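Here is a short note for a colleague opening this model without prior acquaintance. Please read it with the structure on screen.

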Amino acid sequence: MELLEHLKQLGVEERLSVLISKLADACADISCVVEAGKMCDKAGTCNTFGEEQLALDVASDRLISSVLDKCEDVAVYASEELEEEVKTGHDAQDNFGVAYDPLDGSSLVNVNLAVGSIFGIYKCDSFIGKKGDDQECAMIAIYGPRTTIVCATKAGVHEYTFCDSKFNLTKENLQIEKEGKTFAPGNLRACLYNPGYRNLFNYWLDNQYTLRYSGGMVPDINHILLKGKGLFTYPGYKDMPDGKLRLLYECAPMAYIVEHAGGRATDGKIRLLEKAIESLSQRTPIFIGSETEVMTAEEMLK
Ligand code: AHM
Ligand code: MG
């Protein structure tokens, strides 16, 4: 069954369903750009975090922003590649706000690893002061051997695969088990300053956990969603207490998807979905995946 038809069948609000479907089409276009592999050079510009942008980052951002600019149901959007949130001028009551990372892990494209896009959809005209819990939907697109989308709404978490110019339902009601001995340990550099993280790493080794880490948060968390178990971590350390990953663009949407699939997502202490967005560029540590595995990590990092 095709994406839009399935969302309608699930009872997802029509305006939201259409927006999701338009964003999915933009992801299909991004997958073509990724596949062509021609834009892996530096664009000569930096994003708001001072990170050098690739031509691919800029192209992906434009494919999404051009859809949002034209969409009458979207009041505001914010991109990891842009400095400020953008008001579209379509500010009718109840319009949507879309926060996104157009191409997470873009530096992995030139070594032919999987990458992805991340979206959090709110009803708002600004993201400041919102919480992840306010999202109406969160979605990731994965550009791997296949292009897939995992979309979470109140009606559950479902996977769709791009084939013959459309996204078709391929897995219904993704669920994450409470336990699962698979680990994706981001930022192991933190072990030098954070003995708790080193102990946690040793706990995974001592208990024969399986390593599944690609260096891209989207495929790594997609792995947890599709296998239905495991955890992903990215703590902070001395020089970077909040780590690298951003609350608005990366962690809040991932937390929404994983919680709707029955998992847990915290910053080590607080549920990520309860953290207020104080600035667009706010970073946060993240521990996400199977509930018991995340709780063990929290305990050992206390
Ligand atoms: P990006 O948004 O600049 O692409 O960075 C996000 C990526 C994540 O996909 C991944 O988990 C993390 O950075 C890896 O970070 P590190 O380079 O510190 O290992
Ligand atoms: Mg990113």
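The points below start with conventions, then take up the ligand, two helices and some loop residues.

1. Conventions. This is a predicted model, in which local features need pLDDT of at least 70 and side-chain atom pairs count only at pLDDT 80 or more, while totals for chains, interfaces and linings use all residues. Residues are numbered from 1 along each chain as its sequence is written, chains are lettered from A and ligands numbered from 1 in the order in which they are written, and side-chain values use heavy atoms, with hydrogens and water left out.

2. The site of ligand 1. The largest pocket is the space taken by ligand 1. A pocket here is an open set of points, on a 1 Å grid over the protein atoms alone, where a 1.4 Å probe fits, with protein on both sides within 12 Å along at least five of seven lines. A molecule sits in a pocket if more than half of its atoms lie within 2 Å of the pocket's grid points.

3. The shell around ligand 1. There are 17 residues around ligand 1, and D104, G105, R189, M217 and Y234 come nearest; a residue is near a molecule if one of its heavy atoms lies within 4 Å of it. The shell is made up of 8 charged, 5 nonpolar and 4 polar residues. In this classification Asp, Glu, Lys and Arg are charged, Ala, Val, Leu, Ile, Met, Phe, Trp, Tyr, Cys and Pro are nonpolar, and the others, Gly among them, are polar. Strands β5 (96-104) and β13 (231-234) each supply at least two residues of this shell. Helices (H or I, at least four residues) and strands (E, at least two) are DSSP runs numbered from the N terminus.

4. Polar contacts of ligand 1. Which side-chain and backbone atoms lie by the oxygen atoms of ligand 1? An N or O atom in the side chain of D104 is 2.5 Å from an oxygen atom of ligand 1, and one in the side chain of E80 is 3.0 Å from an oxygen atom of the ligand. From M217 a backbone N or O atom takes part, at 2.7 Å from an oxygen atom of ligand 1. On its own ligand 1 has 470 Å² of accessible area, of which the protein covers 79%; such areas come from the Shrake-Rupley method with a 1.4 Å probe. A polar contact is a pair of N or O atoms within 3.5 Å; within protein, one must be able to donate a hydrogen and the other to accept it, and residues adjacent in sequence count only if both atoms are side-chain atoms.

5. Helix α5. M217, named above for its backbone contact, is also one of the buried residues of α5. This helix spans residues 217-227 and is mostly covered, with 8 of its 11 residues buried. Buried means under 20% relative accessible area, exposed over 50%, and partly exposed in between (1.4 Å probe, protein chains only). The others in the buried set are V218, P219, D220, I221, N222, I224 and L225. After α5 comes G228, with a positive phi near 80°.

6. Helix α3. S60 belongs to helix α3 (residues 55-70), and L56 is in α3 too. The side chain of S60 reaches the backbone oxygen of L56 at 2.7 Å. An α-helix has 3.6 residues a turn, so residues three or four places apart point the same way. S60 is buried at 2% relative accessibility, and L56 is buried at 1%. L63, also in α3, is partly exposed at 26%.

7. Neighbours of α3 in space. The C-alpha atoms of L56 and K38 are separated by 8.3 Å, with their positions 18 residues apart along the chain counted as their distance apart. L63 and I30 are 33 residues apart in sequence and 7.1 Å apart in space, C-alpha to C-alpha.

8. Positive phi outside glycine. S165 and Q208 deserve a look on this count. S165 has a positive phi of about 65° although it is not a glycine; it sits in the loop between β9 (156-163) and β10 (166-171) and is exposed at 66% relative accessible area. Q208, also not a glycine, has a positive phi of about 55°. Its place is the loop between α4 (195-206) and β12 (210-211), and its relative accessible area of 71% makes it exposed.

Technical notes: 1 Å grid on protein atoms, 1.4 Å probe; cavity = no way out; pocket = protein on both sides within 12 Å on 5 of 7 lines; lining within 4 Å.
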